[in-house]
Amino acid sequence: MERTSSIQADFNAVLATLEKLGQPSLKEMLIRNHGVHEPCWGVKLGDMKPLVRKLKHRQDLAWALYDTGHYDAMILAGMIADPMAFKRQDLTRWLELSLIHIYEPTRLGMISYAVFCLKKK
């Protein structure tokens, strides 16, 4: 996905912020207990909330962050994405790329955590 210089600057700033917020002990626990794989910085969801408020519905940035394959960036992407901007093939793609899946009893199956974040909006 080609990014404009403005989106690229925001993208780089967000990744740098996520890296600063990362906690090695949380990263270790996510990998050990929750099946998360590298790359991962171990950012608490609560620490992402200021970013979410600032970036809410920045779909351009959500696409770019999710495409990194980085656990923390993908989670943030699901939290800032605009659910109305998704088509079925977008959701399918996000599910296929997802690094972690959760069980959702109402669907009788597994879904991507990032897709779950979209559903909660």
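**Figure 1. Seven helices and two strands make up the secondary structure of the protein chain.** This is a predicted model. Follow the sequence along and the elements come in the order α-α-α-α-α-α-β-β-α. The chain has 121 residues, and 40% of them count as buried. Its accessible surface adds up to about 7,100 Å², with 56% of that belonging to carbon and sulfur atoms. As for contacts with a separation of 6 or more, 58% of them link residues 24 or more positions apart.

**Figure 2. Helix α5, residues 71-80, is largely enclosed by the rest of the structure.** How many of the ten residues of α5 are buried? Ten of the ten, so the helix really is wrapped up by what surrounds it. The buried set runs from Tyr71, Asp72, Ala73, Met74 and Ile75 through Leu76, Ala77, Gly78, Met79 and Ile80.

**Figure 3. The largest nonpolar core has 30 residues.** Leu18, Leu65, Leu76, Ile80 and Trp94 are the residues with the most contacts inside this core. Which elements give two or more residues to it? They are α1 (5-21), α2 (24-34), α3 (45-55), α4 and α5. Helix α5 supplies the largest share, eight residues. As a general backdrop, nonpolar side chains in soluble globular proteins tend to be buried together.

**Figure 4. A close look at alanine 64 in helix α4, residues 59-67.** Is alanine 64 buried or exposed? It is buried, because its relative accessible area is 1%, and the cut-off for buried is under 20%. For a sense of how the chain folds back here, pick out glutamine 8: it sits 56 residues away from alanine 64 along the chain, yet the two C-alpha atoms are separated by 9.0 Å.

**Figure 5. Aspartate 90 sits in helix α6, residues 88-97, and is buried without a salt bridge.** What is the nearest side chain of opposite charge to aspartate 90? That is lysine 87, and it is 5.4 Å away. A salt bridge needs a side-chain nitrogen within 4 Å of a carboxyl oxygen, so this pair doesn't make the cut. The backbone of lysine 87 is another story: the side chain of aspartate 90 reaches the backbone nitrogen of lysine 87 at 2.9 Å. Set aside the neighbours within four places in sequence, and aspartate 90 is in contact with Trp63 and Ala85.

Technical notes. Residues are numbered from 1 along each chain as its sequence is written. This is a predicted model: local features need pLDDT of at least 70, side-chain atom pairs count only at pLDDT 80 or more; totals for chains, interfaces and linings use all residues. Side-chain values use heavy atoms; hydrogens and water are left out. Helices (H or I, at least four residues) and strands (E, at least two) are DSSP runs, numbered from the N terminus. Buried means under 20% relative accessible area, exposed over 50%, partly exposed in between (1.4 Å probe, protein chains only). Lys and Arg count as positive and Asp and Glu as negative; His and the chain ends are not counted. A polar contact is a pair of N or O atoms within 3.5 Å; within protein, one must be able to donate a hydrogen and the other to accept it, and residues adjacent in sequence count only if both atoms are side-chain atoms. Contact means heavy atoms within 4.5 Å. Accessible areas come from the Shrake-Rupley method with a 1.4 Å probe; for residues, only the protein chains shown count as cover. A nonpolar core is a set of buried Ala, Val, Leu, Ile, Met, Phe, Trp, Tyr and Cys residues joined through side-chain atoms within 4.5 Å.
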